[in-house]
Amino acid sequence: MHLERYGSGPEVYFGLHGWSGDHRTFAPLLAYLPASASLYCADLPGCGRSPAPPRWELSAITDEIAATISQIEAPAVTLIGNCSGALFGLMAVRRIESKFRRLILIDPFAYWPWYFKVFVAPGWGRYAYYSTFANPIGRWLTNRSLRHRRAAETSLTQSFASVNHEVVYRYLVMLTGIEGIERFERFRMPIDIVYGARTFGAVKRSVARWRAIWPQARCWELAGAGHLPIEEATARLSEIIFEL
């Protein structure tokens with residue numbers, strides 16, 4: 001996995017981007033990175049500068065994430081998982097739980113609503129995906145229809161303009177196959193769940209599900225932000241992540 005490091009402080013953070021993203025997802029946070037921190041930002045296998053995984057299976061993706069984190073020379077790491085990157089990160093935490101001191105989940109889904117599963121429906125699901133995300137008009141219409149789930153100056157579909165759509169689609173298939181967050185309930189390290197006040201209803205309903213398995217979790221609603229808190233509420237999010 002391709003990995004970029006920012007900062008040289010002893011407090012180590014590891015960022016995993018969400019669907020259609022890459023390590024640049026976390027670029028807005030760099031202006032707020034304290035001297036005490038090091039932020040490692042990864043490209044998931046097949047995304048950005050990372051080569052494709054040996055198999056398009058959840059176990060293969062998890063293996064690569066866990067191996068990459070294990071190679072970081074630090075006694076403890078804080079995970080920053082953005083959207084679906086939170087789920088992939090949690091799968092890696094199950095493998096190397098002792099490596100993590102804290103988990104930060106940004107706008108994470110605890111279940112997959114119907115509008116995601118439409119795109120993986122047998123037969124016509126792939127066509128629906130390509131019409132929505134690989135087509136410029138489809139992206140414009142989708143972003144406009146989701147204007148209440150984002151800030152006016154941000155786009156929920158812009159990142160799809162430059163991705164490998166076959167890779168992104170394979171990730172969607174894997175993600176919609178992850179069911180049952182109860183597999184993560186044993187985690188007892190500090191956990192922060194951060195979400196935008198204008199995000200998807202499914203994310204807000206997910207917060208209750210996360211709190212049901214993690215009574216120690218702190219939940220933060222960011223005013224004015226939608227599904228992209230890293231871009232839409234950068235300063236406040238940085239205060240939470242880096243405990244400024």
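Which residues are linked with R102 in a network of salt bridges? I opened the predicted model with that in mind. The network consists of R102, D192, R218 and E243.

**Entry 1: salt bridges around R102**

I looked up the total before going to single pairs: the structure holds 13 salt bridges. I then took the pair of D192 and R102, whose side chains meet at 3.0 Å, N to O. D192 belongs to strand 6 and R102 to strand 5, so this salt bridge ties together parts that lie 90 residues apart in sequence. I checked the cover on both partners and found D192 and R102 buried.

Next I went to E243, which also forms a salt bridge with R102 through the side chains, here at 4.0 Å, N to O. This pair links distant parts of the chain: E243 sits in the segment after helix 9 (234-241) and R102 in strand 5, with their positions 141 residues apart. I noted why R102 counts as buried: its relative accessibility is 3%, and the cut-off for buried is under 20%.

**Entry 2: a salt bridge inside helix 9**

I wanted a local pair to set beside these. The side chains of E239 and R236 meet in a salt bridge of 3.0 Å, N to O. Both residues lie in helix 9, three residues apart, which is about one turn of the helix. Are E239 and R236 buried or exposed? I found E239 partly exposed at a relative accessible area of 37%, and R236 partly exposed at 36%.

**Entry 3: the sheet**

I traced the strand order next. Seven strands form an open sheet in the order 1-3-2-4-5-6-7, and the pairing is mixed. Strand 1 (3-6) and strand 7 (218-222) are the edge strands, each pairing on one side only. On average, neighbouring strands of this sheet are turned by 20 degrees against each other, direction ignored.

I returned to the strands that carry R102 and D192. Strand 5 (residues 100-106) and strand 6 (residues 191-196) run parallel and are joined by four bridges. For I106, I recorded V194 in strand 6 as the bridge partner.

Which helices did I find packed on the sheet? Helix 1 (residues 58-70) is one of them, and it touches strand 1, strand 2 (11-16), strand 4 (77-82) and strand 5. The direction of helix 1 makes about 160 degrees with that of strand 2. Helix 7 (residues 201-213) also packs on the sheet, touching strand 6 and strand 7. For helix 7, I noted about 165 degrees between its direction and that of strand 6.

**Entry 4: a nonpolar patch**

I turned to the surface. I137, W140 and L141 make a nonpolar patch of about 370 Å². I located I137 in helix 5 (residues 136-145). I137 counts as exposed because its relative accessible area is 58%, and the cut-off for exposed is over 50%.

**Entry 5: A134**

Last, I looked up A134, which lies in helix 4 (residues 125-134). At 27% relative accessibility, A134 counts as partly exposed. I listed its contacts, leaving out residues up to four places away in sequence: A134 touches Y129, R139 and H165. I also took the separation of A134 from L44, which is 20 Å in space, C-alpha to C-alpha, and 90 residues in sequence.

Terms used
Residues numbered from 1 in each chain as written. Predicted model: local features only at pLDDT ≥ 70, side-chain atom pairs only at ≥ 80, totals over all residues. Heavy atoms only, no water. Patch = residues over 30% accessible without salt bridge, like charges linked within 9 Å, V, L, I, M, F, W, Y side chains within 5 Å. Areas by Shrake-Rupley, 256 points an atom, 1.4 Å probe, with all protein chains shown as cover. Helix = DSSP H or I, 4+ residues; strand = E, 2+ residues; numbered from the N terminus. Buried < 20%, exposed > 50% of the residue type's maximum accessible area, 1.4 Å probe, protein only. Pairing = 2+ DSSP bridges. Axes fitted to C-alpha atoms, helices over the stretch in contact; angles between N-to-C directions. Contact = heavy atoms within 4.5 Å.
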